[in-house]
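Colleague: I should like a close look at a single part of this model, the surface patch and its surroundings. Please place that part within the whole chain as well.

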Amino acid sequence: MRSHLYFQIFFISFYLILSVVSGQCQIAQQSILIRLKNELQFSSSFSTKLVSWDPNVGDCCTWLGVNCSVGGQVIGVDLSNETISGGFDDSSALFDLENLESLNLAANNFNFTPIPSRFGNLTSLRNLNLSNSWFSGQIPGELSQLTNLQVLDLSSLFSGIRSLKLENPNLGMLVGNLTQLRVLSLDSVNISAQKSDWCQALSSSVRLEVLSLSSCQLSGPFDDSLRNLQSLSVIRLAQNKLNTSVPDFFGDFRNLTVLQLGACNLGGIFPTEVLQLQNLQILDLSSNTNLHGILSDFPVNGSLRSLVLSNTNLSGPIPESIGNLKSLSRIELPNSKFSGVIPNSMANLTQLLYLDLSSNNFTGQIPSFQLCKNLTHIDLSRNSLSGMIPSSHFQNLQNLVSVNLRFNAFNGSIPSSLFNLPQLQKIQLSNNRFDGVIANVSNPSASSLDTLDLSSNKLEGEIPKFIFQLGGLSILSLSTNNLSGTLYTIDFQGLTNLTTIDLSFNSLTIITSGVFSPQLPKFFSLRLASCNLQKFPNLRNQTRLQTLDLSDNKITGEIPNWVWEVGNGSGGLSYLNLSRNKLTGFQEPYVIPPLFVLDLHSNFLSGVIPVPPQTATFIDYSNNRFNSSLPENIGGNLTYAYFFSVSNNLLTGQIPESICNATYLTVLDLSNNWLTGSIPRCLIEYSGSLGVLNLGNNTLSGRIEGTFPSICGLNTLDLHGNSLEGVIPQSIVDCTKLEVLNIGNNRMSGTFPCFLRNSTSLRVLVMRNNKFHGSVRCEEQQQAKDWSKIQILDIAHNNFNGPVPETCFWDWDAMMTRYDGELSGNMHLSFRVLQLNNLYYQDTVTVTVKGLELELVKILTIFTSIDISSNNFSGEIPDTIGRLTALYMLNISHNEFTGSIPSSIGNLSQLESLDMSSNKLTGVIPSTLTSLTFLSFFNLSNNELNGRIPTGSQFQTFANTSYTGNDRLCGVPLSKICTRSDLIVPKNAPNIEEPNPNGYDWQFILIGVGFGAGAAIVLGPLLLSEKGRNFWDQYTNKIVKIVCLAFGIHYAAYYLYNEDEEETEDGDDDSDSDEFMSEGDKSNGRYCVFCTKLDFSRKQAIHDTKCSCFDRTPALSTSASTSSSEVESPFTKL
């Protein structure tokens, strides 16, 4: 069918060529052509056909672009790419060529004129091509009269408001009579008026072989009538809003060679039958993010040449059968959901030219591409690929131009074969785990490299010299490695084409010369952060420089004024980062150029704060010593700024209201200064894009005036550490994205803000050290709201009172879910400054741990804390507190809580700090608290607790101060030993039975009697008979000795022998003694009563040899000749 199509398309041209040989141009026909030439406007300099039409030169049938019949009639005109401009109308001489069968006016510029209706008079036309000729308006209905038409091409590469359109007639009326039509190409023609019935309009064109309707504003779904077009071999419907799924019957088009459905908003499951079509050569489903499905097995000897599935939701592995596609030259699958290993069979695709599998979930090692000799492009970036890459994988790929393996987990050495490929221009291996040294290259001058990116790896050693001999190198990035050594600025002199260099964050030392040679490269971007620079390199001659990063170095003194003039040949610097140095000031005079980014934070700059340029979008002056006030008109210089920080300086004065003119600000940080006055009302009513407002730790006063807008976008509001008064504005609930609210350490008043329960995004709420009062109980409709994300609550040091409601902790999910994985990604509270980059504003908060204030510079999303201390809460502690199993810190000290400690607190398995001191808690300490194995700070002091302190876990490690002020507590670590009276608890104490009123606890007495009677029955017969005693002594001696030796305790048996038994017992005694002394008794027979336990009933001593107290003790005699009466006890002469 495909060959038949080509025959039909080219038959006319072949026929006309034969006609030229046999026909001679008629005079009338030649006259028409001359008139046509004269009425058309074209450039004779670029024309190749019209410029050759000369009546005095040859037969018109021999003119370029003209074909004639046997009778000398013009039947074919090809004026494509003739730079024709302007338009022509129905009066054109073209329409006098009534026998035209083929007309090609493609790739000209008819200046958005309409298509003349007289085209309908050329009824012999079989081929009409007006593509990319800049016609506009309604397609004339007269074209439907061309019943012999086989090829109609009105397509354009661009669509817009001046495109061609089909309204009246519509698509159905246009093609209804064109029964011979085999090729219909209307790309970029507006067919939106046809709505979703365009499939029915084409259903009668059963001979149609090529259907190309890309960018035609078609809508879906596909109609079943389209299945009638069984002759279709090419379907191009890309860039329409079909909003439907791919029909299964596409798999029935056995002649299909091209299927292009990119950017059609397709959904559903892609039918795998399409992949089984034996003749399919091109498949493009790109940019359909809702399209799901997997890749099925490919047919043996399939014809597929191009597979483009980028930006879809297709998933699963690439089948091993992809190796069956011997003609496959292009594989493009980026930004999808494919996974698994890259099949080894891909190494057999010898025709492969282009491979892009980036931004998927592929794992494992990569196959060798050694047999893919035609490969020009490899992109496997942003996957989870790993392992070492043998150098042989890329060997002999003489055509390879680009290789991109960034953002994976490759390790081992960088494949040295890459540097030997003659055509290779780009090597991008950043953000992996490559280690070792960079291998040397023998002939760097033969390399075509223009980009070398090895940043963010683990490379070591010095930068090899060959890199500085790569004459064509334009981009060099080696940042964030472990490279070392010393470089001199003159080393870069040979890299004459170098425009971008980044050597930041290594262990390099760069020595700058006094004069920066004009022979050095003209940099566009120069990044030398953390390169041990001692002074500014001389960049006066860098007229093209736009990006300069010298941050995190050791540069001292003033910023030279010539820095601001660098890059004046290209409009000046746009990015300047001098942060984290030791700069002290600015050399006068200076004028800051129109920078976009100005970062001077963390220096020693002082004096008047510099006015940022009006072009700046990012300004960071934080952590310096500026001691002026903010300029009154500062807002006029922040017109385009999205980030402005002057925190941690010595700024004074008031916040100028002009700052509200910075309508694009997303982060405004003026914290940790000496700013005074009130908060400008316009900052509260700011309706722009402000996401972070941090005015904390100043001396601001007054009330929070104004109403938060209904479109409030605040993510963080930090006003702590000021002298603000009044209540929290209720309109703050309109800030639906609010995650951090910190108003601690002010003078604010009012009751608990129950309306904040509507802030479902809230994670951190700090109200500590204010004058809030009243109950924290909220009305039922407010209490029921979702506070599932709250992770830090601090309302300490206020005047709240009353009980804490049982339902208070019911929906605090963030404190209930334990995180067991490793921290990865952005697992701390932050605000993304721009969606297009990785710049985050880091939230901070101060919490009280062990009585000390601790600033959390990064608030981990797994950190949870509740501090309600120093209030007047009363009643019992809610048992529902035990639901917060992910809680790390709990402080309820200095309140009026009564009742017992809930045993459910033992469920808080992650708890590290628990302070319940200075309340009126009663009863015993629940034994369930011993299960809190992570507890490192514990304070129950100054309560009314009683009973024994539970034993186990780390409870014995806490100091006495954790329990003082509870007079009835006893047991370790307190010095008070528990007596029976200490264990008697009040009648209302839970789980403790009341004592017998007569003072005897018969339960314990009966248990003791039972144990005593049982022991007497078993041991009595043994102890009363001599044989039993000897058996018992020998048996227990061996058992005790084994146990004692296992614990590092030496055991000695001391017998009082009878004279008639001395000979028998002597041998055993010697044997045991020798064994005892041979096993490392370092005491040399010296024993101490404080280190030894004596069993007087059996006359045996158990001694710990690691203990020592006195130097002289009698030796334990083991002599066989010593009688029992002569043996001295080792405890008699201490």
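Modeller: A residue counts as buried when its relative accessible area is under 20%, and as exposed when that value is over 50%. The model is predicted, and of the 1134 residues of its chain, 51% count as buried. The chain exposes about 50500 Å², of which carbon and sulfur atoms supply 51%.

The part you ask about belongs to this exposed surface. Trp-134, Leu-157 and Phe-158 make a nonpolar surface patch of about 360 Å². Phe-158 sits in the loop between strand E6 (151-153) and strand E7 (164-165). The relative accessible area of Phe-158 is 52%, so Phe-158 is classed as exposed.

For the wider setting, the chain contains 10 helices and 69 strands. Among its contacts between residues at least 6 apart in sequence, 56% join residues at least 24 apart.

Elsewhere in the chain, a strand offers another view of covered and uncovered residues. Strand E32 (residues 507-511) has a covered face, formed by Leu-508 and Ile-510. The uncovered face of E32 holds Ser-507, Thr-509 and Ile-511. Strand E30 (residues 482-488) runs parallel to E32, and five bridges join the two. Within this pairing, Leu-487 stands opposite Ile-510 of E32, and Ile-510 is one of the residues on the covered face.

Methods: Residues are numbered from 1 along each chain as its sequence is written. This is a predicted model: local features need pLDDT of at least 70, side-chain atom pairs count only at pLDDT 80 or more; totals for chains, interfaces and linings use all residues. Side-chain values use heavy atoms; hydrogens and water are left out. Helices (H or I, at least four residues) and strands (E, at least two) are DSSP runs, numbered from the N terminus. Buried means under 20% relative accessible area, exposed over 50%, partly exposed in between (1.4 Å probe, protein chains only). Contact means heavy atoms within 4.5 Å. Accessible areas come from the Shrake-Rupley method with a 1.4 Å probe; for residues, only the protein chains shown count as cover. Patches are made of residues with over 30% relative accessible area and no salt bridge: like charges are joined within 9 Å, nonpolar side chains (Val, Leu, Ile, Met, Phe, Trp, Tyr) within 5 Å. A salt bridge is a side-chain nitrogen of Lys or Arg within 4 Å of a carboxyl oxygen of Asp or Glu. Two strands pair if DSSP finds at least two bridges between them.
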